[in-house]
Amino acid sequence: MTVSVLPRLLAASFLALGLVCADVQAADAAPGDVSFSFLQAEDAEAQQGTTTEATQDVDGGSDLTSVSNGDWIRYDQIQFLWQAPAMFFQVRIASGAARNVTGTIEVRIDSDTGPAIASVPVASTGGWQSWTTPTVALTRTVAYRHDVYVRFVSAQKSDFVNVNWIRFL
Ligand SMILES: [Ca+2]
């Protein structure tokens, strides 16, 4: 993973410097953000069922919390560069869920009813502020502009995950 992701990150960062300048460093997600920048979970354009709180993660700011089955967030018109189509989905998560509580983070583009292009299984990370960063391969590469839907799925009713940010690599 590291061997394949690193050159892509460098290439994507290089392209970004020329194409979008200071936008890449922006802390807040906004419509038209670039897919490999940090898309803050609390700054999604739309959401259902979630709230935000101050995070204890290393970069500070806020995280998305009170996340349970059926909740979702949406980002509008995210730019996936055609020069470096996204191959991976990365999400910064923490979970203090009980041992019998698990869930999945599902990613879709353009519609929230199509096939998921990424699925991240979630179980307790040891605490609601014990952060980890799983990375999964997309089922296909993604380029150009798309709305991004992130849906939270669980067979249990309990909250199962906190999310600080997402990005695509
Ligand atoms: Ca955040």
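In which strand is the place of Gln48? Gln48 belongs to strand 2, and the account below returns to this residue after an outline of the chain as a whole.

## Overall architecture

The structure is a predicted model. Its protein chain contains one helix and 12 strands. In sequence order the elements follow the pattern α-β-β-β-β-β-β-β-β-β-β-β-β, with helix 1 spanning residues 2–19.

Of the 169 residues in the protein chain, 39% are buried. Among contacts with a separation of 6 or more, 72% are between residues 24 or more positions apart.

## Confidence of the model

The average pLDDT of the protein chain is 88. A score of at least 70 is reached by 83% of the residues.

Residues 14–26 have a pLDDT that stays under 50. For this stretch the model has nine contacts beyond four places in sequence.

## The five-stranded sheet

Five strands form an open sheet in the order 2-5-11-7-8, and their pairing is antiparallel. Strand 2 and strand 8 (118–122) are the edge strands, each pairing on one side only. From one strand to the next, the twist averages 20°.

At one edge, strand 2 (residues 46–48) pairs with strand 5 (residues 72–80) in the antiparallel sense, over three bridges. Strand 5 also pairs with strand 11 (residues 144–153), again in the antiparallel sense, and here there are seven bridges. Arg74 of strand 5 takes part on both sides: Ala46 stands opposite Arg74, and Arg74 in turn stands opposite Tyr149 in strand 11. At the other edge, strand 7 (residues 103–109) and strand 8 run antiparallel and are joined by five bridges. Val107 has Ala118 of strand 8 as its bridge partner.

## Gln48 in the edge strand

Is Gln48 buried or exposed? Gln48 is exposed, because 11 other C-beta atoms lie within 10 Å, and a residue counts as exposed at 12 or fewer. Strand 2, which holds Gln48, is an edge strand of the sheet and pairs on one side only.

Leaving aside neighbours within four places in sequence, Gln48 is in contact with Asp71 and Trp72. Gln48 and Arg151 are 103 residues apart in sequence, yet their C-alpha atoms are 9.5 Å apart in space. Arg151 falls within the residue range of strand 11 (residues 144–153), and the sheet order places strand 5 between strand 2 and strand 11.

## Residues with positive phi

Most residues other than glycine have a negative phi. Which residue of strand 4 has a phi near 55°? Ser66, a residue other than glycine, has this positive value, and its place is in strand 4 (residues 62–67). Ser66 counts as exposed because it has 12 C-beta neighbours inside 10 Å.

Asp110 also has a positive phi, of about 75°, although it is not a glycine. This residue lies in the loop between strand 7 and strand 8, two strands that run antiparallel and are joined by five bridges. Asp110 is exposed, since 12 other C-beta atoms lie within 10 Å.

## Loop residues and their spatial neighbours

Ala30 is located in the loop between helix 1 (2–19) and strand 1 (39–40). With 14 other C-beta atoms within 10 Å, Ala30 is partly exposed; the count therefore exceeds the limit of 12 for an exposed residue but does not reach the 20 required for a buried one. The C-alpha atoms of Ala30 and Glu45 are separated by 7.1 Å, the two residues being 15 residues apart along the chain.

Thr133 occupies the loop between strand 9 (127–132) and strand 10 (135–142). It is exposed, with 11 other C-beta atoms within 10 Å. Which residues does Thr133 touch, not counting residues up to four places away in sequence? These are Gln90 and Arg92. A separation of 8.8 Å is found between the C-alpha atoms of Thr133 and Ala94, which are 39 residues apart along the chain.

Definitions and conventions: Residues numbered from 1 in each chain as written. Predicted model: local features only at pLDDT ≥ 70, side-chain atom pairs only at ≥ 80, totals over all residues. Helix = DSSP H or I, 4+ residues; strand = E, 2+ residues; numbered from the N terminus. Contact = placed C-beta atoms within 7 Å. Pairing = 2+ DSSP bridges. pLDDT = per-residue confidence, 0-100. Axes fitted to C-alpha atoms, helices over the stretch in contact; angles between N-to-C directions.
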